[in-house]
Amino acid sequence: MGKSFRLMQIRGIPVEIHISWLLIFLLFSISLAQSFFPLMVEGLSASVYWTAGIITTLLIFASVLTHELGHSFIAINEGIPIKKITLFVFGGIAQMEAEPSSPKSEFKVTAAGPLTSLAIALFTGALYYTAMAPGQITGEAVFFVARVNLIMAVFNLIPAFPLDGGRLFRSIVWFFSKNILKATRIAVILGSVFSFIAMGLGIVIIFYQENIFGIWLIFLGWMLYQAGQSSYSQLVFKETFSGMKVSEVMSTNLETISPDATLEELADSFLHFKYGAFPVVYGSTTHGLVTLQNMKEVPREKWAFTTVAHILTPLKDTMVIRPNRDAADVMLKMATQDVGRALVMDESGELVGLLSRTDMMRFIQMHMILGEE
Ligand SMILES: [Zn+2]
């Protein structure tokens, strides 16, 4: 997810800042110092505006961090350790070591974030109305922080998974259905509806109001959609292959082919075994992988005198994994890198199995159908 750097540690939780946050820091400080504060309070010097701009931006930063700490402290209370908190463009993520084990636990952990933001909004709002005069720069800064926290609470409560609102929604469905996969699926569908509404609204705003704000809505909707889809498939992989090693899901009845075989012989093997690919092995050396796709690139009249060695995908371009790797991790890696097949080789370089994405997808489907009944 790009570059992040460690900022500090709070109660044992590392806090990191993503590079993208620096850009937001700059944009926020500039727009506050150059347009917001001069508009709200006239006649002050540039250095005062800049100081107020930077301090207010830091307060917003502290608000986002407190929101994430809200999630984190409740998670720790619920027995879920926090790996780290990362702050980036649109807010932050408190990365949990594990998903909450019950819907009640998820509800509590999730609700803690927006409640924290709401509490800050109420506190700073009350401070503004009781102790500060409007038209003074400190008052305007405090009121700004109050509003941003209110927006943060409301925005996060939009029921679009994986936003807090979507997680709350999921925990409720989970509570009643007692099935986390089903609950997540429903939450992701609802989330997709919200992301499409955001994107559609963005398009309308661009065309009818000619407002650049529409681009942000489209971007935000798209990010939400992607996040929902990927967190769903991650959960499916984790649930299906939980605790399983590659060696337990790979296929071991290996049919291999020699690099010296002709494409006619290879065609016979494809027809006979009905596999989509063969590891290319000579003696104890694995040369790579040959697929139907590789074969299609050679015209039929050349099959008799072309060897497998000419068309194979060499080992260096093939994904090679160890049998003791976590199956869910590997599946996720194959999905994100769009790799169809991986060779499983042990430390000595011996080929021990083949892992294909279609086989694993079939396994997932089977698991979901059998698991729901
Ligand atoms: Zn949150």
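A cavity, in the sense used here, is a set of grid points where a 1.4 Å probe fits but cannot get out, and its lining residues have an atom within 4 Å of such a point. The structure described is a predicted model.

**Enclosed space**

The model holds one cavity of 30 Å³ or more. The largest cavity has a volume of about 40 Å³. Its lining is made up of Phe161, Val188, Gly191, Ser192, Ser195, Leu224, Tyr225 and Gly228. Two elements, α6 (180–209) and α7 (213–240), each give two or more residues to this lining. Helix α6 contributes the most, with four residues. By residue class, the lining of the largest cavity divides into four nonpolar, four polar and no charged residues.

**Second largest pocket**

The second largest pocket holds about 250 Å³ of space. It is lined by 14 residues, of which Tyr275, Gly276, Leu354, Ser356 and Asp359 are the closest to its centre. Strands β5 (277–282) and β10 (351–356) and helix α13 (357–372) are the elements that supply two or more lining residues. The largest share, three residues, comes from α13. The lining of this pocket comprises five nonpolar, five polar and four charged residues.

The two spaces are set out below.

| Space | Volume | Nonpolar | Polar | Charged | Element giving the most |
|---|---|---|---|---|---|
| Largest cavity | about 40 Å³ | four residues | four residues | no residues | α6, four residues |
| Second largest pocket | about 250 Å³ | five residues | five residues | four residues | α13, three residues |

**The four-stranded sheet**

Strands of a sheet pair through backbone hydrogen bonds, either parallel or antiparallel. In this model, an open sheet of four strands follows the order β1-β2-β3-β4, and its pairing is mixed. Strands β1 (4–10) and β4 (91–96) form the edges, each pairing on one side only. On average, neighbouring strands of the sheet are turned by 25° against each other, direction ignored. Helix α2 (residues 46–77) packs on the sheet and touches β1, β2, β3 (82–88) and β4. The direction of α2 makes about 160° with that of β3.

Strands β1 and β2 (residues 13–18) run antiparallel and are joined by six bridges. Within this pairing, Ser4 stands opposite His18 in β2.

**Salt bridges**

The structure holds six salt bridges. One of them is formed by Glu16 and Arg6, whose closest N and O atoms are 3.8 Å apart. This pair links distant parts of the chain, with Glu16 in strand β2 and Arg6 in strand β1, ten residues apart. Strands β1 and β2 are thus connected by six bridges and also by the Glu16–Arg6 salt bridge.

Key:
Residues are numbered from 1 along each chain as its sequence is written. This is a predicted model: local features need pLDDT of at least 70, side-chain atom pairs count only at pLDDT 80 or more; totals for chains, interfaces and linings use all residues. Side-chain values use heavy atoms; hydrogens and water are left out. On a 1 Å grid over the protein atoms alone, a cavity is a set of points where a 1.4 Å probe fits but cannot get out, and a pocket is an open set with protein on both sides within 12 Å along at least five of seven lines; lining residues have an atom within 4 Å of a point. Grid points are joined across faces, edges and corners, and a volume is the space filled by probe spheres set on the points. Ala, Val, Leu, Ile, Met, Phe, Trp, Tyr, Cys and Pro count as nonpolar, Asp, Glu, Lys and Arg as charged, and the others, Gly among them, as polar. Two strands pair if DSSP finds at least two bridges between them. Axes are lines fitted to C-alpha atoms, for helices over the stretch in contact, and angles run from 0 to 180 degrees between N-to-C directions. Contact means heavy atoms within 4.5 Å. A salt bridge is a side-chain nitrogen of Lys or Arg within 4 Å of a carboxyl oxygen of Asp or Glu.
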